[in-house]
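Some comments on the model follow, as numbered points. They begin with one helix and end with confidence.

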Amino acid sequence: MSYESRMLEQLAMPRRAEVQNALLRTLLKHGGVVKEFAAGEEVVDELADRFRLNPAQRTAALETVYRKENRLKKTLLWHRLLFRAADALATDGVVSRPTQTSRLTGKREWMLTEKGFDEALRISQIPAAEKDSLPIKSYEVQKVVKKLLDAPRPENYQPFDSTRKLVKKIRETAVRLRGFRQAVIEVYDFRCAVCGLKINSPDNLCWEVEAAHIVPHASFGRDDLFNGIALCRFHHWAFDVGWFSLLERWGDYELIRALTEQQTGIRLPRRRGVYPHINSIRWHRQFIFCQ
Ligand SMILES: [Zn+2]
């Protein structure tokens with residue numbers, strides 16, 4: 001028996017399979033991501049609390065002697081166990097490793113994959129049908145988000161996706177839509193572009209702000225930032241039924257004052273490159289807006 005397994009046994013540490021399950025639940029609770037395990041990271045203590053670890057279990061350290069450098073390296077056994085559990089999940093393709101994730105998001109985090117998201121829902125007994133409405137990040141969705149954020153702004157934008165009919169892969173569509181939603185909400189800083197409503201907290205398992213298609217999805221509107229705008233539920237509904245639209249004025253957009261008389265403009269993203277495209281807005285004004 002190895003030195004590490006002996007210590008795990010002596011201290012009656014939780015089994016790795018249990019830690020893996022706890023990690024999946026924790027990932028779900030934290031929006032799909034947790035930081036690398038290190039001293040002082042809240043998630044390390046949160047997981048220890050979950051298992052009601054005693055002080056000895058929390059502080060036990062593995063000692064490795066580095067002969068060359070003639071020094072002793074100490075690693076907390078609990079950190080080690082967490083790492084081993086997360087690493088096993090990564091090997092199963094259930095989470096992405098911090099090195100992988102950081103290439104995508106710049107943050108060294110363990111992140112759920114789509115497979116891991118499904119598994120986390122299953123063990124938490126949350127119906128799979130709720131997946132689309134949960135603000136949980138996944139590696140695949142994050143890839144879509146990155147692609148949307150990096151997309152160059154086309155001058156002559158075509159807001160319709162004429163190829164969509166040919167795409168029958170439901171799962172792919174679902175991932176793309178979740179990516180669209182996340183990218184739109186993020187660039188609008190989680191606020192409704194019209195009224196500025198922002199309700200969200202890490203514990204809140206649903207967005208109040210929604211990502212609206214300007215050319216609706218049903219009319220083959222594209223799932224990208226040039227055809228998207230963040231709106232609260234009320235303004236989303238009002239926009240979809242054509243109670244208001246957007247104006248172009250001096251190259252900028254202003255809100256038609258159908259509902260918000262006192263307001264002069266809408267809240268747009270900081271980066272102009274991701275503003276809604278005028279071709280989408282013109283279509284909305286022409287076909288949806290009740291003039
Ligand atoms: Zn609103």
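1. This is a predicted model. A place to begin is helix α3, whose buried residues pack against three elements: α2 (16–29), β1 (33–35) and α5 (77–91).

2. Which residues of α3 are buried? Within this helix, which spans residues 42–50, they are Val43, Val44 and Leu47. Viewed along the helix axis, the buried residues of α3 fall within an arc of 105°, so they line one face. The spacing fits the general rule: an α-helix has 3.6 residues a turn, so residues three or four places apart point the same way.

3. The other side of α3 carries Glu42 and Asp49, both exposed. After the helix comes Arg52, with a positive phi near 45°.

4. As for the whole protein, the model contains eleven helices and nine strands. Buried residues make up 32% of the 291 in the protein. Of the contacts between residues at least 6 apart in sequence, 65% join residues at least 24 apart.

5. Confidence is uneven. Mean pLDDT for the protein is 86, and 88% of the residues reach 70 or more. Strand β4 (residues 95–96) has the highest confidence, at 98, while strand β9 (residues 252–255) has the lowest, at a mean of 44.

6. Over residues 250–261, pLDDT stays under 50. The model nevertheless has 26 contacts for this stretch beyond four places in sequence. Where pLDDT is low, the predicted coordinates should not be read in detail.

Key:
Residues numbered from 1 in each chain as written. Predicted model: local features only at pLDDT ≥ 70, side-chain atom pairs only at ≥ 80, totals over all residues. Helix = DSSP H or I, 4+ residues; strand = E, 2+ residues; numbered from the N terminus. Buried ≥ 20, exposed ≤ 12 C-beta atoms within 10 Å, placed from the backbone. Contact = placed C-beta atoms within 7 Å. Arc of directions from axis to C-beta. pLDDT = per-residue confidence, 0-100.
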